[in-house]
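User: Please take me through this model one question at a time, and explain each technical term when it first comes up.

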Amino acid sequence: MLPEIGHFSLLISFVFAICLAIFPMIGAQKKIVEFVALAKPLVYANFALLSVAFFCLSWAFYHNDFSVTYVAMNSNSDLPWYYRLSAVWGAHEGSLLLWVWILSLWTAGVAFFSASLDDEDVARVLAVMGFIAIGFLAFVIFTSNPFERTFPLYPIDGRDLNPLLQDIGLIIHPPMLYMGYVGFSVAFAFAVAALIGGKLDATWARWSRPWTLSAWGFLTAGITLGSWWAYYELGWGGWWFWDPVENASFMPWIAGTALIHSLAVTEKRGAFKSWTVLLAISAFSLSLLGTFLVRSGILVSVHAFASDPTRGLFILIYLLAVIGGALTLYAWRADKVVSTHRYKLFSREVLLFINNVLLVAALIVVLLGTLLPLVHKEIGLGSISIGAPFFDKVSSIWFIPFILVLSIGPFVRWKQDRFSRIRNKLLVGIVPAIIVALTCYLTLQINTFFSLLGVVLATWLAALVIYELITSSKNNPLPLTHWGMSLGHLGFAALVIGIAITKVASVDKSVRISPGQSVTVENYVFNFTKVEQFQGPNYSAYHAHFDVSNGSDTFSLKAEKRYYKMHSNVMTEAGINAGLWRDIYISLGEQLDGKAWAVTANVKPFVRWIWLGGLLMVLGSIMCILDKRYRKVLAWREQKTAQPAASNTMAAENAVSKVASDTVIEQRIKFE
Amino acid sequence: MTTRRQKRLYTGLSLILGLAVTVGLILYALSENIDLFYTPSEIIYGKKETGVKPSVGQRLRIGGMVVEGSVRRDPESLKVEFELQDTGPKVIVRYDGILPDLFREGQGIVANGYLREGNVIEAFEVLAKHDEEYMPPDLAEAMKGIKHVKPSENQELGYK
């Protein structure tokens with residue numbers, strides 16, 4: 001019964017989304033108050049209906065209702081309950097349902113927090129988001145219905161969730177990533193609504209900024225989690241593969257990074273207006289493109305799960321409609337946008353502009369590298385692959401100007417400045433940079449030019465960020481956004497240090513080894529003690545035990561090889577001893593003849609810094625959102641809603657929702 | 001004061017400069033990093049579309065099915081050798097390292113490596129897919145009509 005209710009709510013929500021896209025938009029254009037007033041109720045109803053649908057599917061998973069095809073394909077009664085729930089987004093249909101549910105969540109968020117905006121403007125924004133929802137709801141309902149039944153014959157047990165996804169990282173990674181992807185739809189909707197309404201002043205920038213920041217924060221968290229998961233779950237110790245599916249999530253991130261910087265200029269100085277609009281459109285378009293690339297299965301990728309080309313066609317048409325429509329609107333309206341703000345060549349505006357140019361350049365590289373194989377094949381030149389060396393080479397050159405501009409930027413004044421004023425400040429970073437570089441060179445044997453340069457520049461950046469924080473907080477307390485910015489930049493420095501050192505100083509050794517033997521990697525002696533058989537809830541496994549020691553530091557590690565019988569799949573669970581300065585990583589290969597096993601032992605210095613960088617960036621974005629001026633927005637809302645008679649309940653609701661959002665953020669921090 | 005026109009000029013110039021640098025970098029990096037995809041028959045007879053055969057020493061990507069019973073391991077090290085096939089002739093792949101979890105006889109795999117004399121590919125990377133039913137589209141196209149043995153039917157795994 002519940003799956004039918006879920007399906008039915010999906011259908012009603014589809015109708016509501018159509019109404020939401022049409023009536024409030026007409027109302028806002030023709031000044032029909034009744035139509036404008038429809039917007040918010042429709043949004044809340046949509047959110048409620050999709051929550052019901054999502055709940056119904058989760059219920060079916062929780063209670064092992066294998067009469068639902070999707071559940072039968074992706075779950076099993078032996079699966080622990082938390083994996084049964086995360087299996088909801090373990091495959092195509094459910095992850096799309098999650099997509100639309102998150103979209104409705106963001107839409108409801110916009111409706112709730114925009115009380116102090118003009119009703120007509122809000123109606124336009126919500127209508128645009130409704131339009132986006134139509135496409136995805138149609139996609140879910142017509143091509144990938146998660147509530148389809150297996151009747152009349154249904155299986156006694158399910159096929160089980162893909163073993164790769166049975167992991168804590170994969171419980172949280174997709175929702176985070178989708179929160180980020182879909183979150184950019186808010187900036188997109190604000191931009192398109194502003195184009196339609198013809199009001200491209202600083203207001204729309206001010207309003208879309210916290211939304212963009214939170215979407216960016218979620219996306220950063222999602223990508224970081226994905227990288228961390230790949231590191232320990234795939235068993236080869238890599239943290240980024242430059243795989244098309246990874247690139248698909250990286251492109252919106254680059255566009256989003258450019259967008260949050262350009263939005264800052266638009267809001268504070270009124271410059272770059274049309275550029276910011278274009279970036280807002282691009283960021284969400286790239287999210288859609290990412291969804292298309294992943295879901296259509298046209299990419300050759302290690303991440304590509306079985307998928308259906310007709311679905312790809314649907315998303316492609318939809319993609320063209322949304323992106324084409326938005327860009328046409330932009331071309332038609334953008335000439336009305338005039339930035340009157342003036343600035344000199346050496347000013348913060350120009351440095352931020354260079355930041356944007358560099359980010360867009362990086363975006364073009366990733367886009368080309370991802371799509372070129374596809375184009376190459378479609379025009380009949382045969383299949384090619386563009387591997388990690390290409391991206392590595394480009395990014396190792398790219399980061400040099402980027403990090404230089406990034407470290408200078410915060411010191412330079414808006415509008416105009418003299419280089420002589422900041423020259424001495426920049427020297428502050430040189431001493432720590434040289435010390436760190438020498439230490440790295442002598443102790444970690446980092447001797448390639450680019451990685452040394454990476455360490456030097458990143459240390460210089462970090463030193464300057466800290467120096468800037470100290471000097472500018474001396475006079476007056478800094479706003480939280482300033483702290484957020486500095487944290488984000490420190491995160492980038494940590495990321496660069498982590499990558500530069502791990503790339504060069506990691507040592508791995510693959511050997512054939514039997515219990516009782518040992519292997520030595522970088523002063524660490526790995527003693528293979530024994531192999532045990534183990535029976536998990538839905539898998540059987542071999543546990544290989546190692547005693548690792550380098551004299552001062554002794555610990556034992558357990559690497560695992562699991563066999564999932566439902567999927568007849570073998571999985572590696574790496575044994576990791578994690579540390580801020582180095583990870584010791586053991587992964588078990590296959591069992592060779594006799595007692596011997598193929599084993600890879602790794603020593604990976606500084607690899608944690610990569611995710612530490614991501615974590616710092618997420619914290620930075622949270623601090624920015626918690627800034628006073630955005631809380632003021634909430635306060636306006638309370639004032640406004642306090643006037644009607646029902647003030648008490650509304651204020652209570654506000655408090656509740658504020659508490660709720662705080663706890664959500666707390667949970668995010670805890671998880672990280 | 002910078003006039004509006006001057007500002008536009010700077011903007012335009014920096015955009016063009018950025019684009020030029022980007023394109024230059026991309027072309028430079030791409031020139032060494034494109035790997036063509038071949039199936040085993042294409043290595044021997046040349047590409048379907050163009051008829052071009054790979055030259056010895058070329059870096060390439062190959063995809064095919066691991067021929068049943070062809071996997072031979074060195075008893076002392078991790079060196080392994082196996083044959084790949086699609087619909088026609090076989091080629092030999094040599095690899096030194098740990099094979100991925102989903103590597104099986106009778107399964108499709110993709111390898112990156114260099115072509116050596118006598119249709120031998122010296123692989124530096126062997127990939128199998130996340131999903132046991134997934135095949136790279138290129139391979140699926142080439143492999144139509146070939147038996148696909150599921151690992152569950154393979155008795156040699158030794159798992160209980």
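User: How many residues lie between β4(A) and β5(A) in the hairpin that they form?

Analyst: This is a predicted model, in which local features need pLDDT of at least 70 and side-chain atom pairs count only at pLDDT 80 or more, whereas totals for chains, interfaces and linings use all residues. Residues are numbered from 1 along each chain as its sequence is written, while chains are lettered from A and ligands numbered from 1 in the order of writing. Strands (E, at least two residues) and helices (H or I, at least four) are DSSP runs numbered from the N terminus. In the hairpin of β4(A) and β5(A), the number of residues between the two strands is four.

User: Over how many bridges do β4(A) and β5(A) pair?

Analyst: Two strands count as paired if DSSP finds at least two bridges between them. Asn527(A) stands opposite Asp547(A) in β5(A). The pairing of β4(A), residues 524-535, with β5(A), residues 540-549, is antiparallel, and its number of bridges is 10.

User: Which residue takes a positive phi in the hairpin of β3(A) and β4(A)?

Analyst: β3(A), residues 518-521, and β4(A) pair in the antiparallel sense over four bridges. Thr520(A) has Val525(A) as its bridge partner, and Val521(A) has Tyr524(A). The hairpin has two residues between its strands, and the residue with a positive phi, near 50°, is Glu522(A).

User: What is the average twist from one strand to the next in the open sheet β3-β4-β5-β6-β7 of chain A?

Analyst: This open sheet has five strands with antiparallel pairing. Its edge strands, each pairing on one side only, are β3 and β7 (569-573) of chain A. Angles of this kind run from 0 to 180 degrees between the N-to-C directions of axes, which are lines fitted to C-alpha atoms, and here the average twist is 25°.

User: Which strands are the edges of the open sheet β2-β10-β9-β8 in chain A?

Analyst: Four strands form this sheet, and their pairing is antiparallel. β8(A) pairs with β9(A), residues 582-591, over three bridges, and Ile576(A) has Tyr585(A) as its bridge partner. The strands that pair on one side only are β2 (507-513) and β8 (575-577) of chain A.

User: Where in α2(A) does a kink lie?

Analyst: Helix α2 of chain A, residues 33-62, reaches 45 Å from its first C-alpha to its last, close to the 44 Å expected, the expected span being 1.5 Å times one less than the number of residues. The bend at a residue is the angle between axes fitted to the seven residues ending there and the seven starting there. The kink of about 25° comes shortly before Pro41(A), at Ala39(A).

User: Which helix of chain A gives the largest share of the largest nonpolar core?

Analyst: A nonpolar core is a set of buried Ala, Val, Leu, Ile, Met, Phe, Trp, Tyr and Cys residues joined through C-beta atoms within 7 Å; a residue is buried if 20 or more other C-beta atoms lie within 10 Å of its own, exposed if 12 or fewer, and partly exposed in between, with C-beta atoms placed from the backbone. Val100(A), Leu126(A) and Ala187(A) touch the most other members among the 243 residues of this core. The largest share, 18 residues, comes from residues 168-197 of chain A, helix α7.

User: What percentage of the 160 residues in chain B is buried?

Analyst: Chain B has three helices and seven strands, which follow the pattern α-β-α-β-β-β-β-β-β-α along the sequence. The share of its residues that are buried is 34%.
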